[in-house]
Amino acid sequence: MKPQRHLVWLRADLRTSDNTALAAACADRNAEVACVYVITPRQWQKHDVAGVRVDFELRTLESLRLTLEKLNIPLLVLETADYSGIPKALGSLCLKHQIGAVYCNAQYEVNEQQRDAAVHKALATLGISLHVHHDQCAVTPGTVLTNDGRFYSVFTPFRKNWLNRLETAGVTLLPPPSRRPSRFAENDPLPVTVKGFTSHVSPGIALSWWPAGENAALERLSSFAE
């Protein structure tokens, strides 16, 4: 019997530690899992994304690729002009590799919500499920409401309710998944740059000010918290 094949669609969550979607995709210890990242230059231009941020994200992807390789999880790369091309691109990738389920972590911005709805519809027509997990926030957005189900208009009672929910539910940090016993694809080449997004700082400054990768992020978080 062939193992299940799962795809993790990475967005603002380029890490293996405490990644809800990745953990869910790897819950079946025998499942073959791959991650995919989609480059969308025209969308980035619409959102005024700076070249220095694109440089940081590409360096972070390279660091992530090395970490994923140790877990026997390949990193795939797609490119579409903007979000409108993602449903078809992801659908084609899933059909190519006979992927049964796609996992991702929710994003709450308007364009991203519209994108995800279109992807859900496109994958559903192919018989492929899309599992969206809440991962960015300690408390799921939109769940902290007044007793009569309205959003708070005053901060103090909102804060009290938010803290109560956090205390009740607690916070569970998810470890990186276990190494996959097999895989269905190899890594795609990662670009070093994306046309139209030249960084305005030198590589030396970028490496010093914005070191890439989840280990560097954890070190900075630890330093900040201390």
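Me: What counts as a pocket here, and how is a volume obtained?

Reply: On a 1 Å grid over the protein atoms alone, a pocket is an open set of points with protein on both sides within 12 Å along at least five of seven lines, and lining residues have an atom within 4 Å of a point. Grid points are joined across faces, edges and corners, and a volume is the space filled by probe spheres set on the points. This is a predicted model, where totals for linings use all residues. Residues are numbered from 1 along each chain as its sequence is written.

Me: Then how much space lies in the second largest pocket, and which residues lie nearest its centre?

Reply: The second largest pocket holds about 410 Å³ of space. Its lining has 19 residues, with W44, R53, E57, Y83 and Q107 nearest the centre.

Me: Which elements give two or more residues to that lining?

Reply: Helices (H or I, at least four residues) and strands (E, at least two) are DSSP runs, numbered from the N terminus. Here β1 (5–10), β2 (32–39), α3 and α5 (110–125) do so, and α3 gives the most, with three residues.

Me: And what of the largest pocket?

Reply: That one has about 900 Å³ of space. Its lining comprises 33 residues, and D13, R15, S17, D18 and D135 are nearest its centre. Both α3 (51–70) and α8 (214–225) supply at least two lining residues, with α8 giving the most, six residues.

Methods: Predicted model: local features only at pLDDT ≥ 70, side-chain atom pairs only at ≥ 80, totals over all residues. Heavy atoms only, no water. 1 Å grid on protein atoms, 1.4 Å probe; cavity = no way out; pocket = protein on both sides within 12 Å on 5 of 7 lines; lining within 4 Å.
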